[in-house]
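Reader: I would like to go through this model with you, one question at a time. Could we begin once it is in front of us?

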Amino acid sequence: MTCRRKWIQISIIAAIMLVLPFFFPSGYYYRVGALVFVNALSVVGLVILVGYAGQISLGHAGFAGIGAYACALAPTHLGLHPAVAILLGALISAALALLIGRPILRLKGYYLGVATLGFGILVSMVLSNERALTGGPDGMSVPDLGLRSLLRDMGWRISGGEFWYGLNAVVLLIGIWIALNLYQSATGRAMRALHGSEVAAQTVGIDVPRIKLQAFVISAVYASVAGSLLALQNGFITPEVAGFMHSVEMVTMAVLGGVGSVLGATLGAAILTLLPQVLTVFAEYEQLVLGLIMVLVMIFLPRGLLPSIVAKLRGRGE
Amino acid sequence: MLTVEGLRSAYGRIEVLHGLDLEVKSGEIVTVVGANGAGKTTLLKCLSGTQPVTAGEVHFRGDRLTTVPAFKRLKRGLSQSPEGRQIFTNLSVEENLRLGAFLFTDDRVERDMEDAFEMFPILREKRNLAAGGLSGGQQQMLAIARALMGRPHCLLLDEPSMGLAPLLVAQIFDVVTLLRKRDVTVLLVEQNAFGALRIADRGYVMETGRITMSGVSGDLIADPRIREAYLGL
Amino acid sequence: MSILEVKGLGISFGGLRAVNDVSFAVKPGEIVSVIGPNGAGKTTLFNMISGVYMPGVGQVFLEGQDITARAPYLLARQGLTRTFQNLQIFQEMTVLENVIAGFHLTERGPIWADLLSWPSARKRAGEVRNGAYELLTRVRLEKAAEEEAGNLSYGALKRLEIARALAMSPKVLLLDEPAAGCNAVETEEIDALIAELAASGIAILLVEHDMKMVMRISNHIVVLDHGEKIAEGTPTEVSRNPDVIAAYLGSEEETAHADG
Amino acid sequence: MDALMQFIFSGLTVGAVYALVALGFTIIYNASDVVNFAQGEFVMLGGMITVFTFEAGLPLPLAALIAIFVTSAVGVALNKLAIEPARGAPVVSLIIITIGASIFIRGAAQIVFDKQLHRLPSFSGDEPIHMLGATILPQSLWVIGGALLVFVGLYLFFTRTLTGKAVLATANNRLAAQLVGINTGFMMTLSFALSAAIGALAGVLVTPITLVGYDIGVALALKGFAAAMLGGMGNPKGALAGGLLLGLFEALTAGYISSQYKEAVAFIVILAVLFVMPQGIFGEKKTERV
Amino acid sequence: EIRLGASLSASGGAAFLGDPEAKTLEMLVEEVNAAGGINGEEIVLTLYDDGGDPNKARTFATRLVEDDEVVAIIGGTTTGTTMSVLSVAEDEGIPFISLAGAIQIIDPVRDYVFKTPHTDRMACEKIFTDMQTRGISKIGMIAGTDGFGASMEAQCKDVAGDHGIEILVAETYAPQDADMTPQLTKIKATEGVQAVLNPGFGQGPAIVTRNYAQIGLDLPLYQSHGVASDGFIELTGVEAAEGVRLPGTALLIADILEDGDAQKPVVMAYKTAYEAKYGEAVSTFGGYAHDAFRLMVDAIARAGSDDPDEIRDALEETRDLVGTTGIYSFSADDHLGLNLSAFRMLEIRDGAWTSID
Ligand SMILES: Nc1ncnc2c1ncn2[C@@H]1O[C@H](COP(=O)(O)OP(=O)(O)OP(=O)(O)O)[C@@H](O)[C@H]1O
Ligand SMILES: Nc1ncnc2c1ncn2[C@@H]1O[C@H](COP(=O)(O)OP(=O)(O)OP(=O)(O)O)[C@@H](O)[C@H]1O
Ligand SMILES: [Mg+2]
Ligand SMILES: [Mg+2]
């Protein structure tokens, strides 16, 4: 039953991804779509950490930064192919998450928040201070993934926007599929259980520190891959990608969409990515309206968009 | 003193109280018994204002109470010792008691606190410790003592004997009896139905959100249906 | 041969000797009750045995192995689990999922299998689900299976905790006031359940203030007061012990008064 | 030696700024468990409103009072319009509300005021005071004094007054607080008003040193948050100590190790402290038993 | 109509730069349209605020090209945002004039990319030349860690040797730091330092300058063009600012320019119009936007078409266009087209700018 729900969810998203381009008036919309998918990917990862396991992170952009710079640095300095660099970035992120996760995850609530915040800041500081390597705050360019020219050689000509829209969509679908698998698995349940009560989780045999660590590492890998994809499609990267504001943006997307829900995360990412694009008509008032919308959503849909709406719909049904 | 008419209440869209009528007269001890999930706690929460009422009316000492916010009900003389104790775990025992008398600043606060310590000497021993560190039963004592600090005309007790040792259970029932002498009315929800009915004047039986029986305590104790369903005799 | 053995266990909280030099043993299939006044140290004793607190002194043995201060999840893997006096429920999961979580040790597998929804992982999940339903039926919560656990009444939650603990198929089960919040009839049901569990060979350590229940089902009783063991023995021995009567039970009349 | 003194003075000045922000967090946190990420915006409003009213010709003390008053009103409005309607929402949602509110306030400030930087004249002139071989600006003493004063006030409020206890009770168990007759809604309003007032006061005091612009809030909120966590959230002692320590770490690192990595070092110290004391230096363990 | 696009950092960390740039563009578009547009065609400006975020800047650049169908883009307040916009402009063949400082924007030369501000390197050279004439050879440096400060710091370190300047000590501060006395105390304690250079923008340089006075450092202090506006003197205070030197543009000293100066009419016109419209002082950055706009309008007018490629070609043929920053002449291998003479060495005396060239 739950398995069927998983496939329904994935099919709905896939269908939306497929149908949307028919309504795109210009190439710009592919770009925005591709961004939505990348952001959604990192937010889905965050849902595993925050929504499932109940552990906050205010520094997850740090992992995005690592993934992004792996794709910028490894090809230039190590001569690796960018695709390999994505894996390398994910590996480094995972290793780092493993390393710092142990001590950090002993902390609770806001204390964990400040520790992860510190991690994120350290990463972005290294990225912007080690100018010789990373180009400093001005950033550095990222080589092309090369996949598009490969496709072209095979006789399939697509624009950059279309290419990234497609690639990110596929990666996001895989990310969602994995997150949904996890949700209904033993590990995912253990994560949600320790979220409810750590002592009780322990008494049923759940190795709480280990499960927390798993959530942390998995979500770090999501962020890292998202960071890599972002860097590759932009062709240029600055330390902003690892900055505090990006971390906050990720958490906001997760909470806005509904922090326990993978689909909600996608929705949250979509909305917060689209909003600034829509709000440009307000020019000066953009920030004002953005803040207002955030507040209003949380007031009227306090559990996040998707869960609250679902609850409302159910209510009417009964 | 306290009258409830047609009370309905729901969690979300699931109604759990389906129109209750109930009356507590001044100076009476009235008990409500019922199985797990019957809605006893929900009833008390409606009376103390911490659970919204969807229909029906609550009147207390002549005033309509139905829409009065929870924090104003203590001022009117209605105090509750809630299920799950709900003490301030991060504050000390003494601060918990002091806050029980939040509405008062006169000298009587000190005396009431002394009374509380008389009643539960262990609380005096632990007065400066965080209440969260107390044992389960000690927390229960604190919750009752705190409710008394509010100088109620009517006291709502939700399973006051839960987690208390036999000696203390007896003592709690003694306290309730004593309160009547001080003109405090008591509405008592208890799983220890036998003990509760013994000290109560009247009793109500609740089943899945409805009152199914009511009467003078003695009659209820004698009623075979009750003896079988709730007293296990 | 005893399965659980406690030797000279003690702990202090800033000067207060909450538990002091307590020893006793439990055999498989035996029900041992720990009774004593409020604040006597019963829950603290449980906390030390189950690894939630680190004992100041003393040792705990499980099947002859020293398990003192071992992490709770490791103890769970060795077959020792417990319920809590202050409910510890996975509030935002459904009732059924709470019990499934209790099957964690049966269900868990390699993480990649979980991430990729490998057939083996799905198979295990399916089996566990059925087991969970059975347990819910046993504590009469099957109707509430899909309900969010936070919505249950207090008494129902107590039973849910027991079901979750049973999901572990423990060898030693610590129950902290399982009948609190249940009326006399409901208590009898829990009685029966506990007796049944003991009959199946589980060693049960019970804390409970309902003396009728304790006297009825215990094989052995340990009495604590102010952290010290003041008496132990069969229900009859203990109930006649003047120290126990003074510290805990009160006079016959009072006991009757309290328990009906 | 002289250099060390100079680093210490610098650290205390900056630390006092952090401490003021951290102290501002304390009250709202104590009333609701919410870290109000709009706290930095209160500081900004305090500074900006003072600058604009002062430039409009009002005397500085009056301008400052108006700023504090108006900012408190903004705090109350924030509570009434955004926090209270969301009652019962999970804490993360409330935090997102405060983040949204901070974006909103910043957006409003850039329209109502401008995007320029501004400065107020120092209260007691700019002549540096020479002490122990180093120099300190009189305005720094104002800031340090302000932080101490707010600390003492808050400390007394939470330990000596029934209202203070009622605020703590509200966060600890809102249901129980209502049962003992505490108007929890009012306690929230009160704490937002006080927090905002403290923030605004900080803004007035630090503007002569750090200048003020519509977007200074985020960085301040961040540092104040880190300081509060270092000291232990919710405890005025922790806020003061955390702020001053953070300032000192930064100044000493800048002086002796590397100015480039001074924030990094500060965060590493925070991580190290939390490793040993997971509740911060003065943070009390929440006592919840199983 | 002619569609122009812009992506600027009107908010965020670089709002300082982006805000006057945006205001300038809006003002000038109005002005040109009021005067009949370009060759009778009205200009339609689509302006986006990227908040200093390169990722957003790229999205907006794509939007400008694909959705708004602009024929040319002005913008990229910071180097990071410029680099993001740049690749879109290159890919799509849209002429783009950047308002950011880094040399990497036009070196190597890219077909469609131009820029108006001096490079950081030029600012460093101007400063070092001035130091040389004062006999200064050993200096300390304190730079902001923001893009502007870090980039200029790196450039200065790079060219210092060419001018016989040795950097004895280099410190940094974060953009929103409240006190820089530790760093300055370290510089003060460094043996042999003859002057201090502070690349940075925003409040940092003002606080550095005030701390400089506080700890009694009496060496010459050089600021960068990043703070070349009257606001800097206000924020710093007249006393502390006394004697500070920086490389600035004609715009700052419009009032005291000699009458024969070619730039005088241009800067006066811009300054008067801007200050009248917005009630705030002009800044160098607004000047960059002004120049970019003028260059673009001039090129479009000469091209006589709104074909991006023709505009690009016309831009590259620009000769002796007088702007507020300097006089521009682009060529196939120079897409900046300014020389060092565009910079003027300024000193603050009695709370006012004076030219010391
Ligand atoms: N927060 C809640 N949300 C949804 N449903 C609830 C909630 N609390 C209680 N219920 C439901 O309301 C009904 C009545 O519960 P209540 O707690 O009032 O029972 P009770 O008589 O006090 O039981 P007990 O003796 O176990 O304490 C139960 O069916 C319960 O599942
Ligand atoms: N974490 C703690 N901090 C401080 N004191 C504690 C702590 N845990 C237990 N205590 C104290 O130790 C004593 C024993 O408590 P415990 O909870 O074990 O009692 P109990 O026998 O379970 O009582 P009850 O029957 O009321 O549940 C009590 O006085 C309690 O206040
Ligand atoms: Mg109940
Ligand atoms: Mg106990």
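Author: What follows is a short exchange about a metal site in one chain and a sheet in another, in a model that is predicted.

Reader: Which residues are the protein donors of the magnesium ion (ligand 4)?

Author: The protein atoms that serve as donors lie 1.9 to 2.1 Å from the ion, and a donor here has to be within 2.8 Å of the metal. The atoms concerned are OG1 and OE1, and they belong to C:Thr43 and C:Gln85.

Reader: How many residues apart in sequence are the parts that C:Thr43 and C:Gln85 tie together?

Author: C:Thr43 lies in helix α1 (residues 42-49) of chain C, whereas C:Gln85 lies in the loop between β6 (80-82) and α3 (95-102) of that chain, so the pair ties together parts whose separation in sequence is 42 residues.

Reader: Is C:Gln85 buried or exposed?

Author: Buried means under 20% relative accessible area. C:Gln85 has a relative accessibility of 5%, and C:Thr43, at 10%, is buried. C:Gln85 therefore counts as buried.

Reader: Which strands of the open sheet in chain B are the edge strands?

Author: In chain B four strands form an open antiparallel sheet in the order β2-β1-β4-β5. Pairing on one side only is what marks the edge strands, and these are β2 (14-24) and β5 (63-64) of chain B.

Reader: What angle does the direction of helix α1 of chain B make with that of β1(B)?

Author: Strand β1 (residues 2-11) of chain B pairs with β4 (residues 55-60) of chain B over five bridges in the antiparallel sense. Helix α1 (residues 40-48) of chain B packs on the sheet and touches β1, β2 and β4 of chain B. Its direction makes with that of β1(B) an angle of about 115°.

Notes
Residues numbered from 1 in each chain as written. Chains lettered and ligands numbered in written order. Predicted model: local features only at pLDDT ≥ 70, side-chain atom pairs only at ≥ 80, totals over all residues. Heavy atoms only, no water. Donors = N, O, S within 2.8 Å, 3.2 Å for Na, K, Ca; no water. Helix = DSSP H or I, 4+ residues; strand = E, 2+ residues; numbered from the N terminus. Buried < 20%, exposed > 50% of the residue type's maximum accessible area, 1.4 Å probe, protein only. Pairing = 2+ DSSP bridges. Contact = heavy atoms within 4.5 Å. Axes fitted to C-alpha atoms, helices over the stretch in contact; angles between N-to-C directions.
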